[in-house]
Each structure stands twice: as C-alpha cells, then as structure tokens.
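Have the sequence and the 3D view ready side by side. Let's take a friendly tour, starting on the inside and working outward.

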Amino acid sequence: MEHTDGTEKEATARTRGPSPEKTARTRAQIIQAAMEEFFEKGYADATMAGIATRAGLAKGTTYRYFDTKEALFAGVVRDIVTTPLDAAHDNPIGPEETVSAYCRRTLLPAMLIIEEKGRAGIARLVLTEARAFPYLAEVYKNEVYEPFVGRLLELAKLAARRGELKCDFMLQCPHLLAAPLWMGIVHNGLLCPEDQIETAAMFEAQVDLIFT
C-alpha cells in the first residue's frame, strides 16, 4: 500500500483552490467595495487598486474576479440592481390576483430595495457619467432598463386582456409605471436631496391611475 507523505498532502491542498463559499464571499466583498468606490469617487476616478484596498484584498485578487473596471461595473449592476428586479419577475402573479395588487406585492418592494439600499446610486452614476463613458449606459440598458420595461409591457398586456387597464397608452409606453422610480432617483439623489419625495407613494398613485 502506498503512503502519501505530508508534503504531497500540502501540495494537493495548495492546488485545490478556494471553496465555492469563499469564492462567493470574496466576490461579494469586491462588489460591495466597488459600489462604495463608484459612489464616493465616481466612475472616472475609481480605480481597481482603490477597490481592492477598500475590499481588504490584493489587487491581483480583484483582477482574478474582474479583469477590467468595465467588467466590475457590469458585475455591480447585475448583483446590486438586477437581483431584486429578477426576484420580482420570478414571483408569478396569482390566479385571482389583480395586476394592481401584483404590482404592489412585488414591484413596490423591489423599487424600495433599490432606493433604500443605495442601489439607486448606480442609476444616478449612469445619468451623470454615461456621456463620457457610454459603456455605463449600455450595461444599464441591457441588464436593467430593457428587461424591466419588457416586464412592465407584459403586465400591461395581461391587464388589458383582463379588462383591468384604465390607460391604454400603457401598451405603447409601459415606461409610465416606472416613472415614479426614475423621478425619485433624479429628485432625491440629484436635484433636491434636502427635500425628499416618497417614491413608494408616487408609485402606488401611478398604479391607481393605470389599473382598475
């Protein structure tokens, strides 16, 4: 019978790599640090080195997960903004549930998470820096904006089939339902941060105007 000595065991351990749990934790550290760095310094002045330092990691570790700042921004958008919206999308409407009730049950909490947890700062970053960095708008459009608007159109069509749609223009412009969220992002984060408006209340009022 062959015996494995300690040196061989150590070599095996070194080549095995981090566990999936540790990999996920490290990735989450990087994402959180990147979001904070982007918010504090803006996209233009944020650096991979600064993000690594903020995360308490070596710069090389950060590059193993995200090879460019652009890729890291895309990761932030997917993890921080897309996740709560996907959770709402994956929560199906009940057979007896009205579209209005469904919007309040799923979309309203998702919007509140985006606003209250600082995630709205990603949208503000896109609004202020996309002219200089078009990639920011491209990522946000593909990962967040278009899928979300597509989901709103699905809800508008369902409401129309059920006779629950007051505003037929919603079928042409489903963006109407998301307008309170964007108004809140711009007003509260850019124009009048000292005079906050209630995004949730505006959204519920909009739901009442659009659906029965």
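## A cavity inside

The lining of the largest cavity is made up of 10 nonpolar residues, with no polar and no charged ones. Keep in mind as you look around that this is a predicted model. The residues around this cavity are Val81, Leu85, Ile114, Tyr140, Val144, Tyr145, Phe148, Leu181, Trp182 and Ile185. Its volume is about 70 Å³.

Which helices build the wall? At least two lining residues come from each of α5, α8 and α9 (179-191). Of the contributors, α8 gives the most, with four residues. If you search the whole structure for cavities of 30 Å³ or more, you find one.

## The largest pocket

Next, look for the largest pocket, which holds about 150 Å³ of space. Two elements, α5 and α8 (134-162), give two or more residues to its lining. The full lining consists of Thr82, Leu85, Asp86, Ala88, His89, Leu107, Glu143, Val144, Pro147, Phe148 and Arg151.

What classes of residue line this pocket? There are six nonpolar, two polar and three charged residues. Compare that with the cavity lining, which has no charged residues. Some names turn up in both places: Leu85, Val144 and Phe148 are among the residues lining the pocket, and they are also among those lining the cavity.

## Salt bridges between helices

Now for the charged side chains. The structure has 12 salt bridges in total. One of them pairs glutamate 143 with arginine 78, with the closest N and O atoms 3.0 Å apart. Because glutamate 143 sits in helix α8 and arginine 78 in helix α5, this pair ties together parts that are 65 residues apart in sequence. Both partners are partly exposed: glutamate 143 has a relative accessible area of 24%, and arginine 78 has 39%. You have met glutamate 143 already, as it is one of the residues lining the largest pocket.

A second pair joins glutamate 204 and arginine 104, with an N to O distance of 3.0 Å. Here the link runs between helix α10 (residues 199-210), home of glutamate 204, and helix α6 (residues 99-116), home of arginine 104, so it ties together parts 100 residues apart in sequence. Glutamate 204 is partly exposed at 30% relative accessible area, and arginine 104 is partly exposed at 26%.

## A salt bridge within one helix

What about a pair that shares a helix? The side chains of glutamate 154 and arginine 151 form a salt bridge at 2.9 Å, N to O. These two are three residues apart in helix α8, which means that about one helical turn separates them. An α-helix has 3.6 residues a turn, so residues three or four places apart point the same way.

Are the two partners buried or exposed? Glutamate 154 is partly exposed, at 42% relative accessible area. Arginine 151, however, has 14% relative accessibility, so it counts as buried, the cut-off being under 20%. Arginine 151 is also one of the residues lining the largest pocket.

Salt bridges can also link up into a group. Glu36, Glu37, Glu40, Lys41 and Arg54 form such a network.

## A buried charge without a partner

Which nearby side chain carries the opposite charge to glutamate 129? The nearest is lysine 69, and it is 7.3 Å away. Glutamate 129 is buried but has no salt bridge, because a salt bridge needs the nitrogen and oxygen atoms to be within 4 Å.

Glutamate 129 belongs to helix α7 (residues 120-129). Beyond its neighbours within four places in sequence, glutamate 129 is in contact with Gly42, Tyr43, Ala44 and Leu136.

## Helix α3 and its surroundings

Finish with helix α3 (residues 48-55), whose buried residues are Met48, Gly50, Ile51, Ala52 and Ala55. These buried residues pack against α2 (20-45), α4 (59-65) and α5 (69-89). Just past the end of α3, glycine 56 has a positive phi of about 75 degrees.

Helix α2 also holds glutamine 32, which is partly exposed at 34% relative accessibility. Between the C-alpha atoms of glutamine 32 and valine 144 there are 18 Å, while along the chain these residues are 112 residues apart.

Definitions and conventions. Residues are numbered from 1 along each chain as its sequence is written. This is a predicted model: local features need pLDDT of at least 70, side-chain atom pairs count only at pLDDT 80 or more; totals for chains, interfaces and linings use all residues. Side-chain values use heavy atoms; hydrogens and water are left out. Buried means under 20% relative accessible area, exposed over 50%, partly exposed in between (1.4 Å probe, protein chains only). Lys and Arg count as positive and Asp and Glu as negative; His and the chain ends are not counted. Contact means heavy atoms within 4.5 Å. On a 1 Å grid over the protein atoms alone, a cavity is a set of points where a 1.4 Å probe fits but cannot get out, and a pocket is an open set with protein on both sides within 12 Å along at least five of seven lines; lining residues have an atom within 4 Å of a point. Grid points are joined across faces, edges and corners, and a volume is the space filled by probe spheres set on the points. Ala, Val, Leu, Ile, Met, Phe, Trp, Tyr, Cys and Pro count as nonpolar, Asp, Glu, Lys and Arg as charged, and the others, Gly among them, as polar.
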